[in-house]
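Welcome, and please bring the model up in your viewer. We will go from the whole chain to a sheet, and then to some charged side chains.

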Amino acid sequence: MKLRQFGFIAALLAAASVAGSGVHPQWPARPVGATQVVSLEGLRDAEFGATEADLTRRGVLRADEEACGHALVGHGAVSPIFVDDRLVLLWLDDPMSTPEGISAGTPIGEVRAAYPGATDLPAPPGSHRFAGLLARDGDRAYLFLHDGVTVREIIAGYADWARRLFDEGYGPC
């Protein structure tokens, strides 16, 4: 993973953690059909394992200075994370969801019901980071970052990289 991408993720986690402190907002309802689904294969036009060069050639990936790295064309709510030129993770924002309908704002009880085998990942003691639930399926997984009540962020992709992302934390861009 490129250092600046790791930094971008760190900044997102820090901002999400700060936003998650205090009173929990009521999540706005979204129109039916507004959610985009991300499977453990990736997106329709950006599959895990694809190279940066291939995604750029196909017009799916573009450089985005504001996002400290790359952006997926047509997917403003998704941040790609590359390691050794391969797409390994997708950082998902609202209105993205899993095929089971889990998205930012979903109550943790619904996540546990949809993914009963998910592994609890407690936030490191003394940190301001979110706790996590890692729902693994073979070499792929969803990492649900949560505040104990609702899902705040979702990362999808290779399970080992999702776990490493959770364990190692993040830094600025």
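Start with the whole chain selected. Among contacts (heavy atoms within 4.5 Å) between residues at least 6 apart in sequence, 57% join residues at least 24 apart. What you have open is a predicted model, in which local features need pLDDT of at least 70 and side-chain atom pairs count only at pLDDT 80 or more, while totals for chains, interfaces and linings use all residues. Residues are numbered from 1 along each chain as its sequence is written, and side-chain values use heavy atoms, with hydrogens and water left out.

Now switch to a cartoon view. The protein chain has 4 helices and 12 strands; these are DSSP runs numbered from the N terminus, with H or I over at least four residues for helices and E over at least two for strands. Next, try a surface. About 8500 Å² of the protein chain is exposed, and carbon and sulfur atoms supply 55% of that area; accessible areas come from the Shrake-Rupley method with a 1.4 Å probe, and for residues only the protein chains shown count as cover. Of the 173 residues, 49% count as buried, where buried means under 20% relative accessible area, exposed means over 50%, and partly exposed lies in between (1.4 Å probe, protein chains only).

**The sheet**

Select β6, β7, β12, β11, β10 and β9, which in that order make an open sheet of 6 strands with antiparallel pairing. The edge strands are β6 (78-83) and β9 (119-121), each of which pairs on one side only. From one strand to the next, the twist averages 20°; angles run from 0 to 180 degrees between N-to-C directions, using axes that are lines fitted to C-alpha atoms, for helices over the stretch in contact. Two strands pair here if DSSP finds at least two bridges between them. As background, strands of a sheet pair through backbone hydrogen bonds, either parallel or antiparallel.

Zoom in on residues 131-137 and 140-146. These are β10 and β11, which run antiparallel and are joined by 7 bridges. Show the side chains of L133 and F144: L133 stands opposite F144 in β11.

Now pick F130, in the loop between β9 and β10. Is F130 buried or exposed? F130 counts as buried because its relative accessibility is 7%. Add V151 and draw a distance between the C-alpha atoms: F130 and V151 are 9.5 Å apart in space and 21 residues apart in sequence.

**The charged side chains**

A search of the whole structure finds 10 salt bridges, each being a side-chain nitrogen of Lys or Arg within 4 Å of a carboxyl oxygen of Asp or Glu. Side chains of opposite charge can pair when their charged atoms come close.

Go first to helix α4 (residues 159-168), where D167 and R163 lie 4 residues apart, about one turn of the helix. Their salt bridge has its closest N and O atoms 3.0 Å apart. D167 is partly exposed at 44% relative accessibility, and so is R163 at 34%.

Stay on α4 and select E168 and R164, also 4 residues apart, about one turn of the helix. Their side chains meet in a salt bridge of 2.8 Å, N to O. E168 is partly exposed at 44%, and R164 is partly exposed at 39%.

For the last stop, select E47, D54, R57 and R58, which are linked in a network of salt bridges. Within this group, the side chains of R58 and D54 meet at 3.1 Å, N to O. R58 is partly exposed, with a relative accessible area of 35%, and D54 is partly exposed at 22%.
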